[in-house]
2 protein chains.
Amino acid sequence: MIVEAKMTYRFSKQREAVMAVLDKKNYHPTVDEIYDMVKKQYAQVSLATIYRNVEQLSQMGKIWKIEIPEGPARYDGNMEKHYHIRCTKCGNVNDVWFKGNMNKIINLKNIEKKFSITGYRIEFEGICDSCNNKTH
Amino acid sequence: MIVEAKMTYRFSKQREAVMAVLDKKNYHPTVDEIYDMVKKQYAQVSLATIYRNVEQLSQMGKIWKIEIPEGPARYDGNMEKHYHIRCTKCGNVNDVWFKGNMNKIINLKNIEKKFSITGYRIEFEGICDSCNNKTH
DNA sequence: TTACCTGCAAACCGTTTGCCTAGCA
DNA sequence: TGCTAGGCAAACGGTTTGCAGGTAA
């Protein structure tokens with residue numbers, strides 16, 4: 001028998017600092033990058049604390065975890081519905097604001113149902129401006 | 001200046017065995033699972049060999065690597081164009097045969113262009129039959 | 001005063017690499 | 001004979017965990 005763990009959150013200055021780092025549009029730092037930022041304010045902070053806090057914050061629905069295949073996850077403090085595009089050269093992630101309702105466009109009813117489909121994950125790929133403009 | 005490395009492949013029974021494992025429809029094993037299969041035939045085979053071979057085969061365009069967020073990659077020997085759905089309970093991956101042209105449905109022209117978009121990755125999520133039917 | 005939260009270090013897991021031998025072409 | 005592929009073990013990168021002390025409520 002599984003017993004739901006009761007979980008209460010309490011304030012911590014470190015978690016506030018993580019939130020503050022993520023309070024910026026079109027910014028999708030990795031844990032390491034968040035760590036470096038938070039360290040400026042709390043030199044003693046540990047990497048594990050950052051990991052624990054981003055996990056908690058994303059479970060609380062306050063931030064969004066962006067899974068990156070073959071690389072560190074990135075986090076996004078902007079909870080408005082949008083998508084992401086990743087530069088296949090430098091790895092940077094940018095916001096994609098799709099005009100229209102993606103749920104209408106990807107009509108799950110058109111897909112064969114041996115599963116009950118609960119969602120989808122879509123991620124765009126491309127080359128960003130700064131990589132495009134680089135001579136090499 | 002970057003010099004393209006010249007690469008020639010040569011036959012190996014281990015790589016044949018990996019291909020043989022993947023020659024089955026709607027089967028998406030991890031490296032560990034492939035390893036276990038190949039070991040039945042070649043007890044001495046090493047995990048590194050499986051990794052090197054799946055990497056090579058997918059570069060040769062003979063198999064497809066399915067990136068799984070937070071988990072081991074899976075491989076698919078079926079190169080016909082299709083999509084995947086992953087059970088969020090048990091992690092199993094199944095094929096999704098989408099009726100229609102996904103490229104028409106996801107019209108990249110509708111998306112703002114600060115990037116040059118080269119592609120997208122879409123992965124469905126759901127609960128598979130066997131997980132649905134499990135009492136718990 | 002209770003439990004959550006922290007810092008530290010060690011462990012973890014999937015994957016890659018260095019080294020040296022085996023074996024295809 | 002030259003160069004790719006293999007086996008083994010160690011290293012790697014991102015992430016999680018155990019523990020003991022710190023701190024919010």
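Over which ring does the charged end of A:Lys24 sit? I'll come back to that in point 5, after a walk along the DNA.

1. A word on the ground rules. This is a predicted model, in which local features need pLDDT of at least 70 and side-chain atom pairs count only at pLDDT 80 or more, while totals for chains, interfaces and linings use all residues. Residues are numbered from 1 along each chain as its sequence is written, chains are lettered from A and ligands numbered from 1 in the order in which they are written, and side-chain values use heavy atoms, leaving out hydrogens and water.

2. Let's start with DNA strand C. It is surrounded by 23 residues, where a residue is near a strand if one of its heavy atoms lies within 4 Å of it. The closest are A:Ser12, A:Arg15, A:Thr49, B:Arg10 and B:Tyr51. Of the atoms of DNA strand C that come within 4 Å of the protein, 67% are from sugar and phosphate. Helix 3 (47–59) of chain A gives the most to this surface, five residues; helices are DSSP runs of H or I, at least four residues long, numbered from the N terminus. Helix 1 (13–21) of chain A and helix 3 (47–59) of chain B each supply at least two residues.

3. Phosphate oxygens of DNA strand C have polar contacts (pairs of N or O atoms within 3.5 Å) with both chains. A polar side-chain atom of A:Arg15 lies 2.8 Å from one such oxygen. Backbone N or O atoms serve for A:Gln44, at 3.4 Å, and for B:Ala73, at 3.1 Å.

4. Now for DNA strand D. Here, too, 23 residues surround the strand, and the closest are A:Tyr51, B:Ser12, B:Gln14, B:Arg15 and B:Thr49. Sugar or phosphate accounts for 70% of the strand's atoms within 4 Å of the protein, and bases for the rest. Helix 3 of chain B gives the most to this surface, with five residues. One contact reaches a base: a side-chain N or O atom of A:Arg10 is 2.9 Å from a base nitrogen. On the phosphate side, a backbone N or O atom of B:Ser46 lies 3.0 Å from a phosphate oxygen, and a polar backbone atom of A:Phe11 is 3.5 Å from one.

5. Back to the opening question: the charged end of A:Lys24 sits over the ring of A:Tyr27, 4.3 Å from its centre. To count, NZ of Lys or CZ of Arg must be within 6 Å of the ring centre and within 35 degrees of the ring normal. In chain B, B:Lys24 lies over the face of B:Tyr27, at 4.3 Å from the ring centre.

Terms used. A polar contact is a pair of N or O atoms within 3.5 Å; within protein, one must be able to donate a hydrogen and the other to accept it, and residues adjacent in sequence count only if both atoms are side-chain atoms.
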